Amino acid sequence: MQTLRINVAGLLKETTGGARDHVVGASAAAVAAMVPDSRPLSPLSGSVRLLRSPRSIFARVRATAEVVLDCSRCLEDANASLVIDFDAEYFPSVDVVTGSTLRVPNDDMSFAIDHNHELDLAEPVRQELVIAAPMHPLCSIDCAGLCVGCGHNLNEGPCDCEPEIGDGRFEQLRDLLARDGST
């Protein structure tokens, strides 16, 4: 199921202010391809409102997907709910009435409506999903992580490693602070 391509020929023929609402979605496999290193728990589902302007179509997209990522501390599964809510502007590349080629702005903030009068939401949805994914996913807020010495998951209990000996270069500073009663 991938409903990220929408034919807008009818909307392009309308006057400014015309609007359409559509359901959008993408399969779990498509979500996995869009979000690096993720394992989807659900497909992408949401809606888009298309609004005709004098020279383009504005798309207001709202969608969600559930994915599993690796916890950045312990490498166990970390569930994440990806919520996207964005606007994108689409410019026609072909005039819907005359069939003549139109100039599409060359910038990163706009997208083209293809020669079949279809707009493709896949790229802006992909960009927004990547942004919505947590930079450092956590399985829980109090995740203890892995032991730096042996790699034991500290969420399962302490490991058998010896406690770390501090950096000798700061020993005098530690002694000074201990005498002052600061530590």
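Asp21 is exposed, with a relative accessibility of 54%, in a model that is predicted. This aspartate sits in strand E2, which covers residues 19-26. If you look for what lies around Asp21, leaving out residues up to four places away in sequence, you will find Val48 and Arg49 touching it. The partnership with Arg49 is worth a look: the two residues are 28 apart in sequence, yet their C-alpha atoms are 4.5 Å apart in space. Their side chains also meet, in a polar contact of 2.8 Å.

Val48 turns up again in another comparison. From Gln127 to Val48 there are 79 residues in sequence and 16 Å in space, taken between C-alpha atoms. Gln127 itself belongs to helix H3, residues 122-132. Its surroundings leave Gln127 partly exposed, at 33% relative accessible area. The side chain of Gln127 makes a polar contact of 2.9 Å with the side chain of Glu123.

Now for a residue on the inside. Ser110 is part of strand E7, which runs over residues 110-113. Is Ser110 buried or exposed? With a relative accessible area of 11%, Ser110 counts as buried because the cut-off for buried is under 20%. Beyond its neighbours within four places in sequence, Ser110 has contacts with Glu89, Phe91 and Pro105. Closer along the chain, the side chains of Ser110 and Asp107 are joined by a polar contact of 2.7 Å.

Here are the side-chain polar contacts met so far, side by side.

| Residue | Partner | Length of polar contact |
|---|---|---|
| Asp21 | Arg49 | 2.8 Å |
| Gln127 | Glu123 | 2.9 Å |
| Ser110 | Asp107 | 2.7 Å |

Two loop residues deserve a visit for their backbone. Most residues other than glycine have a negative phi. Leu75 has a positive one, near 70°, and His117 has a positive one too, near 65°. Leu75 is found in the loop that links strand E5 (57-70) with strand E6 (77-92), while the loop holding His117 lies between E7 and strand E8 (118-120). Their surroundings can be compared as well: Leu75 is exposed at 55% relative accessibility, whereas His117 is buried at 13%.

Next comes the largest pocket, which holds about 170 Å³ of space. Which residues line the largest pocket? They are Val35, Pro36, Asp37, Leu69, Asp70, Val130, Ala133, Pro134, Met135 and Pro137. In that lining, 8 residues are nonpolar, 2 are charged and none is polar.

Finally, step back to the chain as a whole. It has 4 helices and 8 strands, and along the sequence they come in the pattern β-α-β-α-β-β-β-β-β-β-α-α. How does the chain's radius of gyration compare with that of a compact globule? The chain has 26 Å, while a compact globule of 183 residues would be near 16 Å. Along the principal axes, the C-alpha atoms fill a box of roughly 85 × 35 × 25 Å. Buried residues make up 35% of the 183 in the chain. Of the contacts between residues at least 6 apart in sequence, 55% connect residues at least 24 apart.

Technical notes. Residues are numbered from 1 along each chain as its sequence is written. This is a predicted model: local features need pLDDT of at least 70, side-chain atom pairs count only at pLDDT 80 or more; totals for chains, interfaces and linings use all residues. Side-chain values use heavy atoms; hydrogens and water are left out. On a 1 Å grid over the protein atoms alone, a cavity is a set of points where a 1.4 Å probe fits but cannot get out, and a pocket is an open set with protein on both sides within 12 Å along at least five of seven lines; lining residues have an atom within 4 Å of a point. Grid points are joined across faces, edges and corners, and a volume is the space filled by probe spheres set on the points. Ala, Val, Leu, Ile, Met, Phe, Trp, Tyr, Cys and Pro count as nonpolar, Asp, Glu, Lys and Arg as charged, and the others, Gly among them, as polar. Helices (H or I, at least four residues) and strands (E, at least two) are DSSP runs, numbered from the N terminus. Buried means under 20% relative accessible area, exposed over 50%, partly exposed in between (1.4 Å probe, protein chains only). A polar contact is a pair of N or O atoms within 3.5 Å; within protein, one must be able to donate a hydrogen and the other to accept it, and residues adjacent in sequence count only if both atoms are side-chain atoms. Contact means heavy atoms within 4.5 Å. The radius of gyration is taken over C-alpha atoms; the globule rule is 2.2 Å times the number of residues to the power 0.38.
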